[in-house]
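The following exchange examines how structural labels are justified from computed values. Each answer sets a value against the criterion that applies to it.

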Amino acid sequence: ADSACAIASNSRNQNMLLQTGTITYVNPAHDGDQLIAVGEEQMVQGRNGVIDSTVTRNDGTLIAFFRGVVRSISGHTLPGFALMED
């Protein structure tokens with residue numbers, strides 16, 4: 001969940017750091033389960049952002065919710081690369 005948050009928050013090629021993160025477990029995961037984490041940007045305003053991640057088992061069972069509050073710092077995730085606009 002934390003990695004999905006990091007990937008989503010840095011997807012604009014702006015360095016973002018996690019300020020706070022909260023995870024809520026709703027179902028157990030077991031040894032051998034394939035887990036899928038998806039991060040989604042909820043809001044970015046100025047230097048601040050909110051990223052929500054969900055973790056599900058490969059059968060679709062929800063395992064956990066993660067909410068991360070992020071803040072931008074100077075620099076780029078991939079220096080020298082410009083963000084492609086739609």
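The questions below concern a predicted model.

Q: What makes Arg57 count as buried?
A: Buried means under 20% relative accessible area. Arg57 has a relative accessible area of 15%, and therefore it is classed as buried. This residue is found in strand 3.

Q: Which residues does Arg57 touch, not counting residues up to four places away in sequence?
A: Arg57 touches Pro28, Ala29, His30, Asp33, Gln34, Leu35 and Ile63.

Q: How do you know that the side chain of Arg57 makes a polar contact with the backbone oxygen of Pro28?
A: A polar contact requires a pair of N or O atoms within 3.5 Å, one able to donate a hydrogen and the other to accept it. The side chain of Arg57 reaches the backbone oxygen of Pro28 at 3.0 Å, so the pair satisfies the distance cut-off.

Q: Why is Asn13 called buried?
A: The limit is under 20% relative accessible area. Asn13 has 9% relative accessibility, and so it counts as buried. Asn13 lies in the loop between helix 1 (2-9) and strand 1. Its phi is positive, about 65°, although Asn13 is not a glycine.

Q: What makes strand 3 and strand 4 a pair?
A: Pairing requires at least two bridges between two strands. Strand 3 (residues 48-57) and strand 4 are joined over 9 bridges, so they qualify as an antiparallel pair. Within this pairing, Ile51 stands opposite Gly68 in strand 4. The hairpin of the two strands has 4 residues between them, and Gly60 takes a positive phi near 95° there.

Q: How do you know that strand 1 and strand 4 also pair?
A: The same requirement of at least two bridges applies. Strand 1 (residues 16-25) and strand 4 (residues 62-72) have 9 bridges in the antiparallel sense, and therefore they count as paired. Phe65 in strand 4 is the bridge partner of Thr24.

Q: Why are strand 1 and strand 2 (35-45) placed at the edges of the sheet?
A: The open sheet of 4 strands has the order 1-4-3-2, with antiparallel pairing. Strand 1 and strand 2 each have a single partner strand, so one side of each is left without a neighbour in the sheet. On average, neighbouring strands of this sheet are turned by 20° against each other, direction ignored.

Q: How many bridges join strand 2 to strand 3?
A: There are 10 bridges between these strands, which run antiparallel. Among the facing residues, Glu41 stands opposite Ile51 in strand 3. Helix 1 packs on the sheet, touching strand 1, strand 2, strand 3 and strand 4, and its direction makes about 40° with that of strand 2.

Q: What makes Cys5, Ala8, Met16, Ile51, Phe66 and Val70 a nonpolar core?
A: Such a core is a set of buried residues of nonpolar kinds, joined through side-chain atoms within 4.5 Å. These 6 residues meet that condition and make up the largest nonpolar core. Helix 1 and strand 4 each supply at least two residues of this core. Leaving aside neighbours within four places in sequence, Ile51 is in contact with residues including Cys5, Ala8, Phe66 and Val70.

Q: What pattern does the chain follow when read along the sequence?
A: The pattern is α-β-β-β-β, in keeping with 1 helix and 4 strands. Of the 86 residues of the chain, 22% count as buried.

Terms used:
Residues numbered from 1 in each chain as written. Predicted model: local features only at pLDDT ≥ 70, side-chain atom pairs only at ≥ 80, totals over all residues. Heavy atoms only, no water. Buried < 20%, exposed > 50% of the residue type's maximum accessible area, 1.4 Å probe, protein only. Contact = heavy atoms within 4.5 Å. Axes fitted to C-alpha atoms, helices over the stretch in contact; angles between N-to-C directions.
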